[in-house]
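User: Hi! Could you walk me through this one?
Analyst: Happy to, here it is.
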Amino acid sequence: MPANALIFLGAPGAGKGTQAREVATHFGIPQISTGDILRDAVKKQTPLGMAAKAKMEAGALVPDEVVCGIVEERIGEPDCQKGFILDGFPRTIAQAQFVDRVLQAKGRGRPQVLDIEVDEDLLLKRLTGRRTCSVCGEIYNVHFSPPKVEGICDKDGGKLLYRADDNEATIRQRLEAYHRQTSPLIEYYRAQGVLHEVDGNKDPETIAKGLLEFLSQA
Ligand code: AMP
């Protein structure tokens, strides 16, 4: 069993969400994706969604106070007692320090951090090719894992959409935000001795297998 807080780190398109879902299912712990929570809030036009929308569309990070508030509330829920996965959070040093404080206050140990490293040209293909089913959320990629019929989900016939922020201009901004604000977290966690680097260039099944093996021994 892994440490009770697992953090998935990596650039946009690295496959954090896909891998986090596998690990969450395997260990029966919740996957907390700040990106998913924010997208849901935008869709429902809640005050949180209204506040975050412009930043997300520009490929910029939502302010630390906003995302830290979301995470604090979510990890206080009963299903997180056994452990939880943070997917796409923290993304700044201030957010990482916030996680440290919250874990300490709850008497939990240090988090375990999985950093998924992917070459930039592959990241771009993953992001520009990504399509999501509007009904069930299944993720496809027109380059690597296309649906049988273009634009249609294999599972339920739902229409495949791309994420509003998966266009070239916004992707460039998101990668820039990653390099400037998030990549310093690699050193932050390496210095704490809790970083595990994962080669994210492999196919998703191989990565998941390696990750589960690693976490089962951890
Ligand atoms: P993701 O689905 O993780 O790629 O996140 C999509 C967008 O949501 C990002 O480009 C940010 O605008 C916002 N977002 C998600 N997580 C965070 C976070 N931890 N800090 C700031 N902004 C975030």
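We can start with the ligand and then turn to the aromatic rings.

User: Sounds good. Which residues come nearest to the ligand?
Analyst: Keep in mind that this is a predicted model. There are 16 residues around the ligand, and T34, R39, A60, G88 and R91 come nearest.

User: And which helix gives the most to that shell?
Analyst: That is helix α2, residues 34-43, with four residues.

User: How does the shell split by class?
Analyst: Seven residues are nonpolar, four are polar and five are charged.

User: What does the backbone of A60 do there?
Analyst: One of the backbone N or O atoms of A60 lies 2.7 Å from a ligand oxygen atom. A polar backbone atom of V62 is 3.0 Å from a nitrogen atom of the ligand. For Q95, a side-chain N or O atom is 3.0 Å from a ligand nitrogen atom.

User: How much of the ligand does the protein bury?
Analyst: The protein buries 96% of the 480 Å² that the ligand exposes when taken alone.

User: Okay, rings now. How many aromatic pairs are there?
Analyst: The count is two. F89 and F98 make an edge-to-face pair, with 6.3 Å centre to centre and 90° between the planes. Both F89 and F98 are buried.

User: Why is the pair of Y188 and Y189 edge-to-face?
Analyst: Their planes are at 85°, with the ring centres 5.1 Å apart. Planes over 60 degrees apart count as edge-to-face, so the pair gets that label.

User: Is Y189 buried or exposed?
Analyst: Buried, with a relative accessible area of 0%. Y188 is buried too, at 18%, because the cut-off is under 20%.

User: Which residue lies over the face of Y162?
Analyst: That's R131, at 4.3 Å from the ring centre.

Key:
Residues are numbered from 1 along each chain as its sequence is written. This is a predicted model: local features need pLDDT of at least 70, side-chain atom pairs count only at pLDDT 80 or more; totals for chains, interfaces and linings use all residues. Side-chain values use heavy atoms; hydrogens and water are left out. Rings of Phe, Tyr and Trp (its six-membered ring) pair if their centres lie within 6.5 Å; planes under 30 degrees apart count as stacked, over 60 as edge-to-face and the rest as tilted. Buried means under 20% relative accessible area, exposed over 50%, partly exposed in between (1.4 Å probe, protein chains only). A charge sits over a ring if NZ of Lys or CZ of Arg is within 6 Å of the ring centre and within 35 degrees of the ring normal. A residue is near a molecule or strand if one of its heavy atoms lies within 4 Å of it. A polar contact is a pair of N or O atoms within 3.5 Å; within protein, one must be able to donate a hydrogen and the other to accept it, and residues adjacent in sequence count only if both atoms are side-chain atoms. Accessible areas come from the Shrake-Rupley method with a 1.4 Å probe; for residues, only the protein chains shown count as cover. Helices (H or I, at least four residues) and strands (E, at least two) are DSSP runs, numbered from the N terminus. Ala, Val, Leu, Ile, Met, Phe, Trp, Tyr, Cys and Pro count as nonpolar, Asp, Glu, Lys and Arg as charged, and the others, Gly among them, as polar.
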